[in-house]
Amino acid sequence: MPSFDTVSEANLAEVKNAVEQASKEIATRFDFKGSDARVELKERDLTAYADSEFQLAQVRDVLTGKLVKRSVDVRFLDMGKIEKTGGDRVKQVIKIKNGIESDDAKKIVRVVKDSKMKVQASIQGDAVRITGAKRDDLQAAMAMLRKEVPDLPLEFNNFRD
């Protein structure tokens with residue numbers, strides 16, 4: 001029985017490359033000269049540091065620009081609260097989302113069932129498995145999910161025929 005998994009995972013290698021490129025640009029930009037502006041990556045957390053909130057916004061813009069160029073969807077980023085670290089310096093923790101949360105998984109299952117297509121959806125941990133009798137039905141389900149669930153960065157893998 002043909003099937004595929006619907007997942008939401010960022011490519012961490014591309015995220016790492018984007019952070020390195022952003023760090024190089026921040027180090028060479030004139031408006032960041034003499035400041036403590038930087039971006040650090042630890043596991044699935046990015047931390048942006050700057051001397052002011054305006055500079056922090058500039059650091060985030062550089063980072064998101066590099067992520068977009070590396071084909072990493074910025075919807076994976078969960079912007080945290082801006083925190084003061086001492087003096088005028090600020091930092092912001094940016095979490096990288098991984099997996100589909102249970103509410104979103106239920107929404108995907110409901111969308112598939114409401115579509116009246118000849119496919120079934122089941123929640124498998126942090127992924128949703130879609131099965132169907134024909135390959136064409138699965139491809140139509142992929143197109144429908146891309147259209148109906150625009151707020152999630154969905155990827156389709158583990159396609160079995």
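**A walk through two cores and a sheet**

In this predicted model, a good place to begin is L46, which, once its neighbours within four places in sequence are left aside, is in contact with V15, V19, V39, E40, L41, L63, L77, Q92, V93, I94 and I96. L46 also belongs to the largest nonpolar core, a set of 23 residues in which V15, L46 and L63 touch the most other members. Two or more residues of this core come from each of helix 1 (12-28), strand 3 (45-50), helix 2 (53-69) and strand 5 (89-96). Apart from this core lies another one, made of 20 residues, among them F4, V109, A141 and L145.

Two of the elements that contribute to the largest core, helix 1 and helix 2, can be followed as a pair, since their axes come within 8 Å and cross at roughly 135 degrees. Angles over 145 degrees would count as roughly antiparallel and those from 65 to 115 as roughly perpendicular, and helix 1 and helix 2 are therefore oblique to each other. The crossing in which helix 1 passes helix 2 is right-handed. On the side of helix 1 the contact is made by V15, A18, V19, Q21, A22, E25 and I26, while helix 2 brings V59, V62, L63, K66 and L67.

Elsewhere in the chain, four strands form an open sheet in the order 6-7-1-8, with antiparallel pairing. Strand 6 (119-124) and strand 8 (155-160) stand at the edges, and because each has a single partner strand, one side of each is left without a neighbour in the sheet. On average, and with direction ignored, neighbouring strands of this sheet are turned by 25 degrees against each other. The pairing of strand 1 (residues 3-7) with strand 8 is antiparallel and runs over four bridges, and V7 has E155 of strand 8 as its bridge partner.

Two helices lie across strands of this sheet. Helix 3 (residues 102-114) lies across strand 1, strand 6 and strand 7 (127-132), and runs at about 170 degrees to strand 6. Helix 4 (residues 135-148) lies across strand 1, strand 6, strand 7 and strand 8, running at about 170 degrees to strand 8.

Within helix 4 the reader can find M144, whose relative accessible area is 14%, so that M144 is buried. Its contacts, with neighbours within four places in sequence set aside, are V111, V112, S115 and M117. M144 and V111 are 33 residues apart in sequence, and in space the distance from C-alpha to C-alpha is 8.8 Å.

Methods: Residues numbered from 1 in each chain as written. Predicted model: local features only at pLDDT ≥ 70, side-chain atom pairs only at ≥ 80, totals over all residues. Heavy atoms only, no water. Core = buried A, V, L, I, M, F, W, Y, C linked by side-chain atoms within 4.5 Å. Buried < 20%, exposed > 50% of the residue type's maximum accessible area, 1.4 Å probe, protein only. Contact = heavy atoms within 4.5 Å. Pairing = 2+ DSSP bridges. Axes fitted to C-alpha atoms, helices over the stretch in contact; angles between N-to-C directions. Parallel < 35°, antiparallel > 145°, perpendicular 65-115°, else oblique. Left-handed = near helix turned anticlockwise from the far one by under 90°.
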